[in-house]
Amino acid sequence: MPKNKIRHFLKHGTLPQMSVFEAVARLGSYTKAAEELYMAQPTVSLQMKKLSETVGLPLVEQLGKKVHLTEAGRAVHAASNKLFATLIELESQLANIRGMTNGRLQIAVSTTGKYFAPRLLAEFVKQHPGVEVSLQIHNRAILLERMAQNLDDLYIFASPPADSDVVTQTILPNPMVPYAPADHPLAKEKNIPFARFAEEPFLMREAGSGTRMISREIFAKHDVEPKVRMELSTNEAIKQAIIAGLGVSIMSRYTLGLDVTQEQLAVLDVEGFPVEKSWVFAYPVGKQLPVLAQGFMDFTRKVARTLVFDHLSRS
């Protein structure tokens, strides 16, 4: 914006002056304008004088008791009407955003979050149909990069970031469980020692994945190294590899989705499982959350267990 062309307007508090000018132009009288604006008439006269000086041209002329606009006055009057109309429209838009009736909500979630985040967002939009939503789905490393760059309103992680400069709020439990093909020899066994599970070829998510990080933590806790057969970059690829008999894996219970029981996969009864993690909202310390983002967090805390977790538990 070429501000040098309007610097004289910016320097002299033109908006209050234009408000006074608009009243004088509309009412044709300093006295009536002063009464409407609850100002002393000398104050109205002073504001009109300052605006005329700012513009560099006379804006009104007094003929008898009636105030008339000059050519410059008519131009300023037309411009002030456009300006006030724009401000009124802006305030209306801001009021909609404050009231969550309009605006844009940008959420970024980890890859497993795609199984429940759309359901939460769909219910939120049903209650606020004027809201536009953007949903980004990435692995943990990319989410952390996006958060560092402040690219989104909110982030959903499968496990809280360790960074002390991040605010987190728990949404839902995120049980991590061991998967194997439905016909695997361990599928019907009970209380399987973790050491026995660790003997199986393991299917690992790619570097930067939150699921990989959690799996590594679980193996480290048992002081065992996974026998990694293959690294894959998506949960869907892991699922298909398990079904194909290439190995076992550890994934979120949400990986099977919310509506369909996957008959080709089995959740193994391994000691120490499920490993309870938590889905969390996260955002940088000091971030001023948009009203929509705060509203979505409040909404999610109220409905997430009924809408998502209880449904997951029944499937």
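**View 1. Val166 and Pro284 meet across two strands.** In this predicted model, Val166 has Pro284 of strand S11 as its bridge partner. The pair belongs to a longer ladder: strand S6, residues 166-181, and S11 run antiparallel and are joined by ten bridges.

**View 2. Strand S5 also pairs with S11.** Here S5, which covers residues 154-157, lies antiparallel to S11, with three bridges between them. One contact to look for is the bridge between Ile156 and Phe281, the latter in S11.

**View 3. How covered is strand S11, the partner of both S5 and S6?** S11 spans residues 275-284 and is mostly covered, with seven of its ten residues buried. For comparison with the whole protein chain, 44% of the 315 residues count as buried.

**View 4. Stepping back to the fold around these strands.** The protein chain holds eleven helices and eleven strands. Its radius of gyration is 31 Å, well over the 20 Å given by the globule rule for 315 residues, so the chain is more spread out than a compact globule. Along the principal axes, the C-alpha atoms fill a box of roughly 105 × 35 × 30 Å. If you enjoy contact maps, note that among contacts between residues at least 6 apart in sequence, 75% join residues at least 24 apart.

**View 5. The surface and its charges.** About 16500 Å² of the protein chain is exposed, and carbon and sulfur atoms supply 53% of that area. On the charged side, you will find 36 positive and 32 negative side chains, and the centres of these two sets lie 7 Å apart.

Conventions: Residues are numbered from 1 along each chain as its sequence is written. This is a predicted model: local features need pLDDT of at least 70, side-chain atom pairs count only at pLDDT 80 or more; totals for chains, interfaces and linings use all residues. Side-chain values use heavy atoms; hydrogens and water are left out. Helices (H or I, at least four residues) and strands (E, at least two) are DSSP runs, numbered from the N terminus. The radius of gyration is taken over C-alpha atoms; the globule rule is 2.2 Å times the number of residues to the power 0.38. Buried means under 20% relative accessible area, exposed over 50%, partly exposed in between (1.4 Å probe, protein chains only). Contact means heavy atoms within 4.5 Å. Accessible areas come from the Shrake-Rupley method with a 1.4 Å probe; for residues, only the protein chains shown count as cover. Lys and Arg count as positive and Asp and Glu as negative; His and the chain ends are not counted. The place of a charge is taken as NZ of Lys, CZ of Arg, CG of Asp or CD of Glu. Two strands pair if DSSP finds at least two bridges between them.
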